[in-house]
Amino acid sequence: MPLIVCHSPKGGEGNSFVAAGLAQGLSLLGRDVVALDMTAADGLKSYFGLAPDQSLPDLEEEVIDQLTVGGVGLRSGWRAAHQPDFAEALRAGDLPFDGETVFVADVASTDTGLAQVLRRRARLHVCTLTPTAMSLAQLPRINPARALGEPERTTFVLNQLDETRRFARHAALFLRELLGDKLIAQIHRDEAVNEAVGMLQTLARYAPASAALADMERLVIAVDGLCAGEAADETVRAAPRAAKNEAA
Ligand SMILES: Nc1ncnc2c1ncn2[C@@H]1O[C@H](COP(=O)(O)OP(=O)(O)O)[C@@H](O)[C@H]1O
Ligand SMILES: [Mg+2]
């Protein structure tokens, strides 16, 4: 199931920025991608150069004219996710999370229940942190030890890294030691991220040579590789079952 869930334990970490960057980067790699805003704040579109008053088509709506930016389809999953039967629909496979399309879901930090439900069906969970005391204070809530024990599905991104700041340097070292290769990327703090939103442009268009975009490209490669690895593992896990069914 090509669902990538972006969920951080705290707001303001850059979860939406990372979700948007992943969707855009995976699309550039040739994947068919839908960026799914599951938040009430509806901020994902800002990283696609869209204006605040642009509404996104609903996930379950039949749309004739898809809203796409740079090849990425944009949908809102907020209404669908808050229907009472959402978890059941997800379990039953009634939602369009099968097939070749990669869905990158941006889930609000406060929506931990939804994040949990989605993570069960996701190929990957990307958790964005920042090198700040408030972000590190959330670590017991994520329970990295348990996350690390899960079958390779929770990964971490350190965003808004400014190595000129002492605390940020130390926090980055600490997180690298704690998370090991679960920390799949670092993204530098870069004013171009904010400026691009203000200019109603994507980061790639506004600042193609920016540090944050180069970092994001590395994250995209890592995520694409992990998703491909997971897909291969799923095939291997499914193969003995298929063989058994054929024999029966
Ligand atoms: N790497 C970065 N460098 C500079 N500013 C960033 C970076 N990542 C995110 N931001 C800014 O931080 C703020 C929060 O980002 P956002 O993606 O909305 O966070 P979240 O979804 O976790 O609440 C926004 O103003 C955004 O432009
Ligand atoms: Mg957000």
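## Around the ligand

Ala, Val, Leu, Ile, Met, Phe, Trp, Tyr, Cys and Pro count as nonpolar, Asp, Glu, Lys and Arg as charged, and the others, Gly among them, as polar. Keep that in mind while we look at ligand 1 in this predicted model. The shell around the ligand splits into 10 polar, 5 nonpolar and 3 charged residues.

How many residues surround ligand 1 in total, and which are the closest? There are 18 of them, and the closest are Gly14, Asn15, Ser16, Phe17 and Val193. Three elements give two or more residues to this shell: α1 (15-28), β7 (154-161) and α9.

## The overall layout

Now let's step back to the whole chain. It has 248 residues, and 38% of them are buried. Along the way you'll pass 11 helices and 8 strands. If you take the contacts with a separation of 6 or more, 73% of them come from residues 24 or more positions apart.

The strands form an open sheet of 8, with mixed pairing. Reading across it, the order is β3-β4-β2-β5-β1-β6-β7-β8. At the edges you'll find β3 and β8 (183-188), each of which pairs on one side only.

## A closer look at β4

Strand β4 covers residues 72-76, and 5 of its 5 residues are buried. Val72, Leu74 and Ser76 point one way, while Gly73 and Arg75 point the other way. Buried or exposed, then, on those two sides of β4? Both sets are buried.

What does β4 pair with? With β2 (33-37), β4 pairs in the parallel sense, over 4 bridges. In that pairing, Ala35 stands opposite Leu74 of β4. With β3 (68-69), β4 runs antiparallel, and 2 bridges join them. Here Thr68 has Gly73 of β4 as its bridge partner. The hairpin of β3 and β4 has 2 residues between the strands, and in this hairpin Gly70 takes a positive phi near 55°.

## Ala35 and the nonpolar core

The largest nonpolar core in the chain has 60 residues. Which of them have the most contacts inside it? They are Ile4, Leu22, Ala35, Val104 and Ala105. Among the elements, α1 gives the most to this core, with 7 residues.

Ala35 is a good one to click on. Leave aside its neighbours within four places in sequence, and Ala35 is in contact with Ala19, Ala20, Ala23, Leu44, Val72, Leu74 and Val104. You've already met Leu74 as the residue of β4 that Ala35 stands opposite, and Val104 as another of the residues with the most contacts inside the core.

## The two sides of α9

Helix α9 runs over residues 191-198, and Val193, Ala196 and Val197 are its buried residues. Why do these residues line one face of the helix? Looking down the axis of α9, you'd see that the buried residues fall within an arc of 100°, so they line one face. A bit of background helps here: an α-helix has 3.6 residues a turn, so residues three or four places apart point the same way.

Turn to the other side of α9, and you'll find Glu191, Asn194 and Gly198, which are exposed. Val193, from the buried set, is also one of the closest residues to ligand 1.

## Loops and positive phi values

Past α9 comes the loop that leads to α10 (203-206), and Leu200 sits in it. Most residues other than glycine have a negative phi. Leu200 is not a glycine, yet its phi is positive, about 55°. Leu200 has 15 other C-beta atoms within 10 Å, so it is partly exposed.

Met199 lies in the loop between α9 and α10 too. Why is Met199 partly exposed? It has 13 C-beta neighbours inside 10 Å, and a residue has to have 20 or more to be buried, or 12 or fewer to be exposed. Met199 and Leu50 are 149 residues apart along the chain, but their C-alpha atoms are separated by 9.7 Å.

Asp42 is another residue other than glycine with a positive phi, in this case near 65°. Where does Asp42 sit? Its place is in the loop between β2 and β3. Asp42 counts as partly exposed because it has 17 C-beta neighbours inside 10 Å.

Terms used:
Residues are numbered from 1 along each chain as its sequence is written. Chains are lettered from A and ligands numbered from 1 in the order in which they are written. This is a predicted model: local features need pLDDT of at least 70, side-chain atom pairs count only at pLDDT 80 or more; totals for chains, interfaces and linings use all residues. The arc is that of the directions from the helix axis to the C-beta atoms. Two strands pair if DSSP finds at least two bridges between them. A residue is near a molecule or strand if its C-beta atom, placed from the backbone, lies within 6 Å of it. Two residues are in contact if their C-beta atoms, placed from the backbone, lie within 7 Å. A nonpolar core is a set of buried Ala, Val, Leu, Ile, Met, Phe, Trp, Tyr and Cys residues joined through C-beta atoms within 7 Å.
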